[in-house]
4 protein chains.
Amino acid sequence: MRFGMVGGGEGAFIGEIHRLVARMDNELQLVCGAFSRDHANCLRTGQALALSEDRLYASYTEMLQQEAALPAEQRMQFVVIVTPNHTHVPIAKAALKQGFHVLSDKPASLNLAEAKSLQQTIQETGLLYGLTHTYLGYPMVIQAKHMVADGAIGPLRRIMVEYPQGWLSSNEEAKGNKQASWRTDPEKSGIAGCLLDIGTHASTLLEYASGHRIKEVCADVTSFVPGRALDDDASILFRTDKGARGTLVASQICAGEENGLSIRLYGEEGSLEWRQMDPNSLILKKQDAPVSILRAGTDKAYLCDEARAACRTPAGHPEGYLEAFSNIYADFVRNAASWPEKTNGFERISINTGGRAMAFVEAAVANSQSGEKWTALMDVAE
Amino acid sequence: MRFGMVGGGEGAFIGEIHRLVARMDNELQLVCGAFSRDHANCLRTGQALALSEDRLYASYTEMLQQEAALPAEQRMQFVVIVTPNHTHVPIAKAALKQGFHVLSDKPASLNLAEAKSLQQTIQETGLLYGLTHTYLGYPMVIQAKHMVADGAIGPLRRIMVEYPQGWLSSNEEAKGNKQASWRTDPEKSGIAGCLLDIGTHASTLLEYASGHRIKEVCADVTSFVPGRALDDDASILFRTDKGARGTLVASQICAGEENGLSIRLYGEEGSLEWRQMDPNSLILKKQDAPVSILRAGTDKAYLCDEARAACRTPAGHPEGYLEAFSNIYADFVRNAASWPEKTNGFERISINTGGRAMAFVEAAVANSQSGEKWTALMDVAE
Amino acid sequence: MRFGMVGGGEGAFIGEIHRLVARMDNELQLVCGAFSRDHANCLRTGQALALSEDRLYASYTEMLQQEAALPAEQRMQFVVIVTPNHTHVPIAKAALKQGFHVLSDKPASLNLAEAKSLQQTIQETGLLYGLTHTYLGYPMVIQAKHMVADGAIGPLRRIMVEYPQGWLSSNEEAKGNKQASWRTDPEKSGIAGCLLDIGTHASTLLEYASGHRIKEVCADVTSFVPGRALDDDASILFRTDKGARGTLVASQICAGEENGLSIRLYGEEGSLEWRQMDPNSLILKKQDAPVSILRAGTDKAYLCDEARAACRTPAGHPEGYLEAFSNIYADFVRNAASWPEKTNGFERISINTGGRAMAFVEAAVANSQSGEKWTALMDVAE
Amino acid sequence: MRFGMVGGGEGAFIGEIHRLVARMDNELQLVCGAFSRDHANCLRTGQALALSEDRLYASYTEMLQQEAALPAEQRMQFVVIVTPNHTHVPIAKAALKQGFHVLSDKPASLNLAEAKSLQQTIQETGLLYGLTHTYLGYPMVIQAKHMVADGAIGPLRRIMVEYPQGWLSSNEEAKGNKQASWRTDPEKSGIAGCLLDIGTHASTLLEYASGHRIKEVCADVTSFVPGRALDDDASILFRTDKGARGTLVASQICAGEENGLSIRLYGEEGSLEWRQMDPNSLILKKQDAPVSILRAGTDKAYLCDEARAACRTPAGHPEGYLEAFSNIYADFVRNAASWPEKTNGFERISINTGGRAMAFVEAAVANSQSGEKWTALMDVAE
């Protein structure tokens, strides 16, 4: 399939990653881009990618219009959005209205109202919208979800999710770190910093793997680094719709930590543990049995079909972040290729997922600023 | 030194452990006991230990009186208390009043009022009182405390302590498990089950290693197993007197977990991590350096003196729970041997430690039962 | 750059991997193929890859001739060889003689004579020849080599390399496993099975990381599975040209093992350890210091330039086998793009590397079959 | 039971360890000692242990004579030998001839001839002789032996044992390190240094856990540190009486390593792995199943009876080196207490074990000095 990209010019991190993973499965061709509001940057980026110059656009609006005017067999078939957070919704809406499917980097929006508004546009246009929550693309996350749903550890009681990072332990934004700057700028990131940036990964992983929905939260959200405008640390108690409880931690001031997303799920009969930095293992513990470590790999007959299909190599050939990301792309492309007969398996990258993440962020921020103990999450139609 | 024991008859777990660790450092001699209210059990226990029959007592009151009447060079010099929780304070008070130092299993008491009352008796008698918080005896916990105090990771911002166990995942108390029965019985354990049994280990480790005091808590305390009278699971947010925040989890329904006490301390410049099930390693992470793993061992010159002195063998010869426990004994005995010129280094096993643990439990239980967000811990004189 | 592929039709494992990693860095375009001697297979494979049908060739000889006849700006610029081992050399020679650079899957050849003969063709044509020893593409392998060369652990004394796999623990070749069949067939794999297949990975990693050359070996090579024609297990003592000694183990009957290649290098002042299944960590141990774990990542300033450049993401985003493989491709392409001004940094994928591996296999097999204790490796010009 | 000790005066390492572990299980009483040839040292050591001064002897010969003259209910019942290696046999023989059981630190002797001679004395006297091969006392080593014998992984094919240490990486003996001095002195350690000191631990663990006997070896034994009189490094290929093959590495110049004894056993159907520095876990891998980690603990019903009985605490309370050592003592004491009706379960600490270790050392040294490839181990009657 052919796609265009908004954002991802020189100096951007995530745009380059998107292009890399889009190449991995050989189904996709980047045909156009509005890579930067700085057109010279856009041109340099596009040339380095060997794109035709007439398809390097000055703005996303121009791109949408011009591409729509091309013959069907030439024009892009979907748009990838890798711009700063505050522009995700306007670009997505414009693309949908112009008739293009959308694959957006997370978060879907800056807040729940935006997400709902976007959800309405998606429903009106009947087009596809996908969200790249990378970590849901790991085979062993898929396996964990499968085993929980399958009753392998019994009904869940306790869930522990955490996402410690250390890279914002000091005032990076004041040192000119571009990644740090927009993430800590309320204009570009909205009501939350760390919570929006990585807290949403944690809440999304929690809901995906458990099959539960967070019902209410009790949060202590703060900013430790002097001068920082948005939160860099959050500790949250939660309760789910199906009676589980637990803690969710998201922090970017955990000095020395790299990218320590993890989840532990405790059911009545056992538990599952997955750690993003050791992603090819899934630990199963039962009360009266040896610890069991399930391993990713195309040769592992004991994995569920969906997990095994998300592997590319036999066990022992480590796959990682890029492969997980590529699985998200593959999932979107499979659905786009068969559109409008949309297939199943699309739950993990939908606008509902994005909306739920926003409801989580809003409830956590509101709770932390109030004196109330528990704050319920707003409804998101699913 | 000579000591007597109250509790620890046949079928008891912790009494046998106390006797084992008391033997390890060759300074101690068990000379008498009131091992059980069932005198036949007491006699069998004492005989198996080769104690003189005339020093196997029918009750602790008899033991205290008879021993006090013996010549100084024969009578026991301190009492070890290993009875169920609700009897710790009355026995400790009686022993102190009869002129004996006391070494008590944890918790010190069932609640803060009891702890304060005991604290008063200790002050009045001027005798020694020690509390066997085993986990504070590990060399690498001592090293962590030293490094934090020394500024190795800068002022603390976030602390994460957890203590997951799985052994109460089902209704063990209904199956006749003696260890489970008294721990879940409000008469013997007071206002809390899991919080008192292992939550106090977590809070004590937190305060010991960090040098901070928990100022206020926000708790979600519950019981998952049907029919259980006391809590078996607690998730807690806390803030400390010096501005750190974090989460404390104590749970006995984490099916598949063994004894997973751990602590992570995040300062402005780095972090420390210690896990009880891998106790001879202490992980130091700094933002711009390789991960560093400090290792226990008598040959490790980079350890602080107190940590190295708590080791018995060169690195690579694993030491564990019993050795840590024995270190607590050794600390008490060193102090008792030099009494009344009490030495330093006694902080970790004092009644203040016990009182702070009670203040923590009471605040957590009260907060969880109320609608208020934060509950301050009651003062404990130090 | 444009390339063609020989081998890699439907059902092949490594051809698909080559195509995947060739796409990852966006420099390469697959333009033609002789994917199978079964032309229908070749056509299906090429169509699935959206190749032009007139560039799907019936044989590699046809491909070489036809492509050579195309205009320079259209024709392929190098050939990738992913056929069974016994055809590597004839195809490579033909390609070189037709004027194409060659990138070959390992091993370079079936024996040392073949490798030398190929080496001569390479010298005569002056073209580039690369060998995809994947494991040398891992950033932390590059870092290990750098640190050893830099004296970080002093002159090497002991080296331990091992490569345990379990997948040939039973007679897979008798069950129709295609991967197993050609690897255990003397016609296709020559004088050795396991030694050629993975022993060469071990010896190559050893020589690359250490900078030493294996001087002599003492080997115990055997086949445990009844009916297997070639070795499936080898234990080898070795001594290097610079005075180090150690053990090399390669085995495919280590039931339960996945792909456990690892190396440990012991110098006078410290040691380094790397494990392929946890590839983003490199462990440094010194006698009087904490254990140090270096981590891969674009943000790790303490890595050497070459290692850091081999990373795509910040630390904590696991990279794996495919990324390492892609690094080998990138290295070849960098050199091919600047040919004939060949750059440095090409050592790890040269014919010399392939020749040394053959000398190792031949010496090990000869030694194991003889009664002599030590067998010297044949010279390979470098 | 009552015992006396030869060796273990001030400054000794292993003597103190023996006394500590002897106390752990409450069955033993140290009643006398010839702790040092320096009688002042002996007196100070004995006084610190609160021994009666008339039982602190000037020499072991005096101790044996005097103790034999005491009434049966007072005199020691066995002798513990913790002197340097070259004196083990003469002391053991004298003790046996005087009518005392013997528990000796390893190695049993300096060579096979000595071991055989000692074996004869044991047979003639009919008394008990035990050898403290500590590592055989770990519960998960016992479990591994049980599972191999039980066929859990099928007939063994490959065994890998290694024992890397780093403490002799430099010339410690020249710096006055007492532990280093006698271990590298041919007069006190005989024909081998590292091989005798730790190679025997490796070979003994290999034979114990596998149930195989080493039939022949091919060895590369050397000394890396200039000026060292005995070997500090050995790489060995071996074949067993039941057809398994593998490698055994023992080295004391692995800079940075602590005490890394480990064993991996590969059978036709699976494998077992145990590592001394993580002793409470035993890893079981099967070709088509998740990795399984068995854990030590009194509460682990899946362990064999003998392994579980070797634990003192529930899983998750780490036990280590001292507890394993104490299990060896307990085994000896159980047998001594029921002597002359000797019980089973004594295999792992017998003179046969010691003799086999000597046969291994002699064969390895002889092979390494010769040009022959394989050297058979001498017979040891069992």
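# How do we know? Reading a predicted model

Q: Why is C:Q65 counted as buried, partly exposed or exposed?
A: Count the neighbours: C:Q65 has 13 C-beta neighbours inside 10 Å. A residue needs 20 or more to be buried and 12 or fewer to be exposed, so 13 puts C:Q65 in the partly exposed class. Keep in mind that this is a predicted model.

Q: Where is C:Q65 found?
A: C:Q65 sits in helix α3 of chain C, which covers residues 60–69. C:G46 is 19 residues away from C:Q65 along the chain, and their C-alpha atoms are separated by 19 Å.

Q: Which residues of helix α2 in chain B are buried?
A: In α2(B), residues 39–48, the buried ones include B:C42, B:T45 and B:G46. The label "buried" calls for 20 or more other C-beta atoms within 10 Å.

Q: How do you know where on α2(B) the buried residues fall?
A: Look down the axis of α2(B): the buried residues fall within an arc of 95°, so they line one face of the helix. Here's the general idea: an α-helix has 3.6 residues a turn, so residues three or four places apart point the same way.

Q: What is on the other side of α2(B), and what do its buried residues pack against?
A: The other side holds exposed residues, namely B:A40, B:Q47 and B:A48. The buried residues pack against β2 of chain B, residues 29–34. After the helix comes B:A50, with a positive phi near 65°.

Q: What makes chain A as compact as a globular protein of its length?
A: Set two values side by side. Chain A has a radius of gyration of 21 Å, and the globule rule gives 21 Å for 382 residues. The values are close, so chain A is as compact as a globular protein of that length.

Q: What else describes chain A, starting with how many helices and strands there are?
A: Chain A has 12 helices and 14 strands. Its C-alpha trace spans about 65 × 50 × 40 Å along the principal axes. Of the 382 residues in chain A, 61% are buried. Take the contacts in chain A between residues at least 6 apart in sequence: 69% of them join residues at least 24 apart.

Q: Why are chains A and B said to be related as by a two-fold rotation axis?
A: A rotation of 180°, with 0.0 Å of shift along its axis, lays chain B on chain A with an RMSD of 0.0 Å. The two copies are therefore related as by a two-fold rotation axis. In chain B, the C-alpha nearest that axis belongs to B:K373, at 2.3 Å.

Q: How do you know that the same surface serves both chain A and chain B?
A: Check whether the contact residues come back: 100% of those of chain B recur in chain A.

Q: How many residues meet where chain B touches chain A, and which strand of chain B gives the most?
A: The contact joins 34 residues of chain B to 34 residues of chain A. On the chain B side, β9(B) gives the most, with five residues. By class, that side has nine nonpolar, 13 polar and 12 charged residues.

Q: And how many residues meet between chains B and C?
A: That contact takes 10 residues from chain B and 10 residues from chain C. The chain B side has seven nonpolar, one polar and two charged residues. A turn of 180° with a shift of 0.0 Å along the axis lays chain B on chain C, with an RMSD of 0.0 Å. B:S292 comes closest to this rotation axis among the residues of chain B, its C-alpha being 2.3 Å away.

Q: What makes β13(B) and β13(C) a pair?
A: Pairing takes at least two bridges. Strand β13 of chain B and strand β13 of chain C, residues 291–295 in each, have three bridges, so they count as paired. The sense is antiparallel, and B:V291 stands opposite C:I293.

Q: How do you know that β13(D) pairs with strands of chains A and D?
A: Use the bridge count again. Three bridges join β13 of chain A to β13 of chain D, and four join β12(D) to β13(D). The cut-off is at least two, so both are pairs. In the first case, A:S292 has D:S292 as its bridge partner. In the second, D:I283 stands opposite D:I293, and a hairpin joins the strands through four residues.

Conventions
Residues numbered from 1 in each chain as written. Chains lettered and ligands numbered in written order. Predicted model: local features only at pLDDT ≥ 70, side-chain atom pairs only at ≥ 80, totals over all residues. Contact = placed C-beta atoms within 7 Å. Nonpolar A, V, L, I, M, F, W, Y, C, P; charged D, E, K, R; others polar. Helix = DSSP H or I, 4+ residues; strand = E, 2+ residues; numbered from the N terminus. Least-squares fit on C-alpha atoms with pLDDT ≥ 70 in both. Arc of directions from axis to C-beta. Rg over C-alpha atoms; globule rule 2.2 N^0.38 Å.
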